[in-house]
Amino acid sequence: MSHAQFEVLSNQAVAICGAFYFIALLAHLAEWAAGRNVPLDADAAADAAAVSGTASAGTASAGSADTLVAVQESTEKMERFARWGLVATGVAAGVHLVAVVARGLAADPIRVPWGNMYEFTLTASLVVTIGYLALYRRFKLAWLSPVVTGFLLVVLMLDALLLYDPVFKLRDALQSPWLVIHVIAAIIATGAFTLGGMASVLYLIKERWLRNQGDPDRTPRRVGYLDRVPGLVQLDRFSYRVHAFAFPIWTFAALIAGPIWAEAAWGRYWGWDPKEVWAFITWVVYAAYLHARATAGWKGRAAAIIAIIGLLTLWFNFVGINFFFGSGSQHSYA
Amino acid sequence: MSESPDERPDDAQYENARDRAATVAPLAPREFLRWTWRQLTSMRTALILLFLLALGAVPGSVVPQNAVDSLAAARWRDQHPSLTPIYEKLGMFNVYSSPWFSAIYILLMVSLVGCILPRTRVYLRAMRARPPKAPRNLARLPEHRTFTTDQEPDEVLRHARAALRGYRVDLAGPVDGTGSIAAERGYLREAGNLLFHVSVLVVLVGFAVGSLLGYKGGVLVVTGGQFANVSSQYDEFTPGSLFSVGSLEPFSFKVTDFDVTFDTGKRNFGLATDFSAGLSYKSSPNGEVKTARISVNHPLSIDGTKVFLIGHGYAPDITVRDTEGNVEYSGPVIFLPEDTMFRSSGVIKVPDASPKQLGFRGEFYPTTGFSMETGPTSVFPDAKLPLLSMQVYAGDLGLDDGIPQSVYALNTDNMKPVQKDGKDFRVDLAPGKGIIKSDGSLIPSTVTLPDGLGTITFNGVSRFVKLQISKNPADGVALAGVVLALLGLLGSLFIKPRRIWVSARREGGRTVVEVAGLDRSAGGDLSGVVDDLAGKLENRMSEDKA
């Protein structure tokens, strides 16, 4: 295959994996729609019903044998849709990977596909998918599925519509092994921070939802999405774990690999270039997040807000700097 | 300044201090000092300072900085005459060395030190301490398991001890059929935490020392030109406050050649893919001559001073003669590139010209193109069809006033544009045989100036390189600091501090075993660990029996 053909392949793969993310999103939405008839503790309800032999086993919604059957059907439907969603996401991830690799092969000479914003976004969104799939079982991430798939769909669309650039040769400043080291670290950290930020956003939503829940005795007939989003403690813990993974990588990318490369290419370790300034700001905000999580009065809500601010500075650094400061930044290509 | 939920000495002190401040008034000076210190070193203050630091860094990315791009900063000041004085007062053009920004990070450092010191003391004590004894009621801990076995308590505890490898373990009993084990691990988490925070200080010290003792300079050298490392040879020279010019390394070099390839493909049109300069250098006046090639990402290091190639451009080679053919000026003149196609601008000053001093100001186009919208411009960065187009001034260049002048700007206060037939006279020059225009006329390489001012010849195109020369004696310190900080960070985030207790007591002819754990980090989940240990013990007990 020629370089040009690889470029076409990459573009088509982006379109295809977008379609699969869309299918996954639909499947997960169907999953949660089916879940509205399934009480929170469906397994326990079914067990209790089986043991007592009657359907009125003291659960909220399983009132009769009919409803129990209906609940079982809905539960199966839920599981089926969840499986489809996961399979579609898995396929999308595979095609997404093809898109990234083909993008690298499309350049002449072959290079890592991290030369501009389009390629950076393409790879960072793949990191989000991989991180989500890798942690799915361990952290029981079913609740994150619609958020992740929806997010990926939107990001890939924006990437293809607004950021697309044909394959370019690398400019000389980028021709360095540090491109691989510095940029992949930045990409992984960006993907992970994004995943953690999603959990922080859900934390705020769930926290607000819990506060507005009014009468605690009122048993909701329908079980909505937020009922199934895990409790605040688990959300906070998941968010922290992912941030704790991303923070050292970001430290390495922005404060070690970046300066070393900058010294080789531009003759200074740290020059307060706008991109560097905002990388530093992001680092400081996430450092504040880690501290806030351990400080009375800042735990929970405040920490989640700080994490989201951190994510916004991270994205602003990536997108905003290039649009607003453009040629003013030595990093204007990425 | 670290995350450990159950130990916050500074915060606790802060609360106490605040309570006391509310009740005991007025404060004695000593009390007040103590109160201030505690206030400053509390985690809340540290958090607020972190936010201020992030916020304070923002303007430096919005307003051009003198230290980053002095040209852009000067341009900004020209364009915003009313804001400039206010911004000057606020230090907006030097944010990162401004008093208020320094105040934020110095306070943060003080807060940091105030946090590290007591925590180190606490940590050293904790390092030597034994794991705390098992609480009376293990079932009240968040993670606990219970099972019964026929084995004797001392047997159970012996196995438990073996299973708790990597823990610091204390055994109590068994006395009267009741015994317990207290185990703790993850002592290095706090060490990592402290290492991280100390390393942040090391990085700052490294930076401070480096900027005090080092220097940075920039120079443009035409190919074939020489450079000796003395401050007067630099175009711009920024020494650290403690840097003495006498300690410049006595090296010198000559730029022998410069290579560049511009891409002609459709996609990467005009992109410089490869450029490098050849240097022949001596590390001291009597040293042997060595050669090197430098390019972006590949600087040359001479005795700790580094020479970086950071840019390039054109220097048209010009000769100016009087009417009798005597040379008044000859040599390459640096024209600074203005765009990616290397449309360049510059001036030529001829102080020795007679009857009047001459000045030329104009543009150089390496590959000339023309359109009605843009006028003459450059359409490709390589020197394929070079053209020099300048306006001519005659009069007094103002070089004798004693006021230093930029070599890239022409002071025309005492000069007049040279005219011919009532119009300002422009010279258009192309080297060699010249360029034949579409209307058939020729752009020559030599033009005779009106009013007997002489001739000007465009001999050919030379190139110049932009070099940055810098020395940073403490960069290793800063780098080592960052790496240590990362190591400490990894330790403080991923080492899991936890306490495990196992108790065994005889009850009704059997042994009741309880296993409980306490996670002492901010994000841990011990259920798996406690399950594992309890399961392992239970299996071991039944195996032994079999």
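## A ring at the edge

Y105(B) is partly exposed, with a relative accessible area of 26%. That value lies between the limits of 20% and 50%, so Y105(B) counts neither as buried nor as exposed. The model shown here is predicted.

## Aromatic pairs in chain B

How many aromatic pairs does the structure hold over all chains? The count is 39. One of them joins F101(B) and Y105(B) edge-to-face, with 6.0 Å from centre to centre and 65° between the planes. Both residues belong to helix α7 of chain B, which covers residues 99-128. They stand four residues apart, about one turn of the helix. F101(B) has 2% relative accessibility, so it counts as buried. Its partner Y105(B) is partly exposed.

A second pair brings together F262(B) and F342(B). These rings are also edge-to-face, at 6.1 Å centre to centre and 65° between the planes. This pair links distant parts of the chain, since its two residues are 80 residues apart. F262(B) lies in strand β7 (residues 252-262) of chain B. F342(B) lies in the loop between β13 (336-337) and β14 (344-350) of chain B. Are these two residues buried or exposed? F262(B) is buried, at 7% relative accessibility. F342(B) is buried too, at 11%. The cut-off is 20%, and both values fall under it.

## A cluster, and charges over rings

Some rings join up in a cluster. Ring pairs link W270(A), W272(A) and F280(A) with Y96(B), W100(B), F101(B) and Y105(B). The cluster therefore has members from chain A and from chain B.

Rings also meet charges in chain B. The charged end of R77(B) sits over the ring of F93(B), 4.9 Å from the ring centre. Likewise, the charged end of R185(B) sits over the ring of Y167(B), here at 5.4 Å from the centre.

## Where the chains meet

The contact between the chains involves 53 residues from chain B and 54 residues from chain A. Together the chains bury about 4700 Å², and 66% of this area is on carbon and sulfur atoms. How many salt bridges are counted between chain B and chain A? There is one salt bridge. In it, K306(B) pairs with E263(A), and the closest N and O atoms are 3.1 Å apart. Two residue pairs are in polar contact across the interface, both at pLDDT 80 or more.

Which elements of chain B touch chain A with at least two residues each? The helices are α3 (43-57), α4 (59-62), α9 (188-213) and α10 (475-494). The strands are β8 (272-282), β11 (305-321) and β26 (454-471). Helix α10(B) gives the largest share of this side, with nine residues.

## A closer look at D396(B)

D396(B) sits in the loop between β18 (387-395) and β19 (415-417) of chain B. With a relative accessible area of 32%, D396(B) is partly exposed.

What does D396(B) touch, not counting residues up to four places away in sequence? The residues are Q357(B), N411(B), N414(B) and M415(B). N414(B) is 18 residues from D396(B) along the chain, yet their C-alpha atoms are separated by 5.3 Å. The side chain of D396(B) also has a polar atom 2.9 Å from the backbone nitrogen of G398(B).

Notes: Residues numbered from 1 in each chain as written. Chains lettered and ligands numbered in written order. Predicted model: local features only at pLDDT ≥ 70, side-chain atom pairs only at ≥ 80, totals over all residues. Heavy atoms only, no water. Phe/Tyr/Trp six-rings, centres within 6.5 Å; stacked < 30°, edge-to-face > 60°. Buried < 20%, exposed > 50% of the residue type's maximum accessible area, 1.4 Å probe, protein only. Lys NZ or Arg CZ within 6 Å of the ring centre and 35° of its normal. Contact = heavy atoms within 4.5 Å. Buried area = accessible area lost by both parts, 1.4 Å probe. Salt bridge = Lys/Arg side-chain N within 4 Å of Asp/Glu carboxyl O. Polar contact = N/O pair within 3.5 Å; in protein donor to acceptor, adjacent residues only side chain to side chain.
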